[in-house]
Amino acid sequence: MISLVAAVVLIAQGTQDLRVQRAIVVQPETVTVGDPFRVIVRVRAPRGADIGFPDAPDSAGAVEPIDPVKITTAADSTFTDQSAVYRVAAWDVGTIPIRLGSVRVAIGRIVQEIPLGDASVFVASVLPADTSLHVPKPARDVLTVPAPWWWWLLIAAAIAAILGLLWWWWRRRRRLKLIAVVDPYEEAVAAFDRVEKLGLLAAGERGRYVALMVEVVREYLSRIDPRADLALTTSELLSAIVAVDVMPANRLAALLVEADLIKFARRPVTAAHAAQLGAEARQVVDQVEEARQPAPAQAAA
């Protein structure tokens, strides 16, 4: 188990009430190209907290995962103490950063995303110290060859093809403007029906069912109000729409937070409760759509 003495980072403003501690250890700290090593992240939060670790390090870097993340829980009656072990390999030499993103800690309806920061590993080269492979060869002179006469015909044909594609795209764009935009509420209802037809509850994929139903809610909200952007986290979304009259903020917060715990913290969910959350997603959309409709007196006027 990782020691939380020197590597502990106390989370500052906004999460201090949760008393969350985290530590990151790389074992071993020096490897060669392609050798597997472990990145261990330990998080300690108050008792009863749900901790959601990232699935893998950022694949855009030079570090790639080898095995799925393994999460273990320490036997501690006073805290929730969990560790995530990532078995990865690096494919470049030098000091390679390891970007893990954030860990999500939830207690009741309070959900906090805590940045883990960056770790690093030193990757040593397997080449001899005096190798000349690291020395680039000098640049060669540009070979100038006179273009044949038919080359200009190919260039003219390419230009004509590009102009033809631009003309076709312009005509097609004009036709697309004539297509009527689908009503956001009708599209949401159709999306709910498509998720139900997948039969995820019968197949035992209850977490995926809840995630897809809540995703329909997020898509509907983003179409009726630009403040509910899909790129926002749950806490950011709730802060953005708290002042919107038609939004049932408390009801929406309960639905989104519980869906996050199922999706990110891997909270178990029964088929009956998943179906209840799906019905709640439909009712939230119905309530928002009803609130958006004009009052009878206003409609009559």
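**Figure 1. The second largest pocket of the predicted model.** The space in the second largest pocket comes to about 220 Å³. Its lining is made up of Gly-52, Phe-53, Pro-54, Asp-55, Ser-102, Val-103, Arg-104, Glu-113, Lys-263, Phe-264 and Arg-266. Strand S10 (residues 102-107) gives the largest share of this lining, three residues. By residue class, the lining of the second largest pocket holds five charged, four nonpolar and two polar residues.

**Figure 2. The largest pocket and the helices that line it.** The largest pocket encloses about 270 Å³ of space. It is lined by 15 residues, and those closest to its centre are Glu-215, Arg-218, Asp-260, Lys-263 and Phe-264. Helix H3 (206-224) and helix H5 (249-263) each contribute at least two residues to the lining. Eight of the lining residues are nonpolar, five are charged and two are polar. Lys-263 and Phe-264, which are named here, also appear in the lining of the second largest pocket.

**Figure 3. Arg-266, a residue with positive phi between H5 and H6.** Arg-266 sits in the loop that links H5 to H6. Its phi is near 55°, a positive value, and the residue is not glycine. Most residues other than glycine have a negative phi. The relative accessible area of Arg-266 is 47%, so the residue counts as partly exposed. Arg-266 is also one of the residues that line the second largest pocket.

**Figure 4. The contact between helices H5 and H6.** The axes of H5 and helix H6 (residues 271-292) come within 10 Å, and they cross at roughly 145°. This crossing of H5 and H6 is left-handed. On the H5 side, the contact involves Arg-251, Leu-252, Leu-255, Glu-258 and Ile-262. On the H6 side, the residues are His-273, Leu-277, Glu-280, Ala-281, Gln-283, Val-284 and Gln-287. The residues of this contact comprise six nonpolar, three polar and three charged.

**Figure 5. Gln-276 on helix H6.** Gln-276 is part of helix H6. With a relative accessible area of 53%, which is over the 50% cut-off, Gln-276 is therefore classed as exposed. Gln-276 and Val-210 are 66 residues apart along the chain, and their C-alpha atoms are separated by 9.5 Å.

**Figure 6. The cis peptide bond before Pro-28.** The peptide bond that runs from Gln-27 to Pro-28 is cis, and its omega is near -10°. Most peptide bonds are trans. Pro-28 is placed in the loop between strand S2 (21-27) and strand S3 (30-32).

**Figure 7. Thr-32 in strand S3 and its contacts.** Thr-32 belongs to strand S3. Apart from neighbours within four places in sequence, Thr-32 contacts Val-123, Ala-124 and Val-126. Ala-90 is 58 residues from Thr-32 in sequence, while the C-alpha to C-alpha distance between Thr-32 and Ala-90 is 8.0 Å. The relative accessible area of Thr-32 is 25%, so Thr-32 is partly exposed.

**Figure 8. Two loop residues, Gly-48 and Asp-76.** Gly-48 lies in the loop between strand S4 (36-46) and strand S5 (50-52). Gly-48 is exposed because its relative accessible area, 54%, is over 50%. From Gly-48 to Phe-79 the C-alpha to C-alpha distance is 7.7 Å, with their positions 31 residues apart in sequence. Asp-76 is found in the loop between strand S7 (70-73) and strand S8 (79-90). Its relative accessible area is 29%, so Asp-76 is partly exposed. Asp-76 and Arg-47 are 29 residues apart along the chain, and 8.8 Å separates their C-alpha atoms.

**Figure 9. The whole chain, for orientation.** The chain contains seven helices and 12 strands. Of its 301 residues, 32% are buried. Among contacts between residues at least 6 apart in sequence, 63% join residues at least 24 apart.

How values were computed. Residues are numbered from 1 along each chain as its sequence is written. This is a predicted model: local features need pLDDT of at least 70, side-chain atom pairs count only at pLDDT 80 or more; totals for chains, interfaces and linings use all residues. Side-chain values use heavy atoms; hydrogens and water are left out. On a 1 Å grid over the protein atoms alone, a cavity is a set of points where a 1.4 Å probe fits but cannot get out, and a pocket is an open set with protein on both sides within 12 Å along at least five of seven lines; lining residues have an atom within 4 Å of a point. Grid points are joined across faces, edges and corners, and a volume is the space filled by probe spheres set on the points. Helices (H or I, at least four residues) and strands (E, at least two) are DSSP runs, numbered from the N terminus. Ala, Val, Leu, Ile, Met, Phe, Trp, Tyr, Cys and Pro count as nonpolar, Asp, Glu, Lys and Arg as charged, and the others, Gly among them, as polar. Axes are lines fitted to C-alpha atoms, for helices over the stretch in contact, and angles run from 0 to 180 degrees between N-to-C directions. A crossing is left-handed if the near helix is turned anticlockwise from the far one by less than a right angle, and right-handed if clockwise. Contact means heavy atoms within 4.5 Å. Buried means under 20% relative accessible area, exposed over 50%, partly exposed in between (1.4 Å probe, protein chains only).
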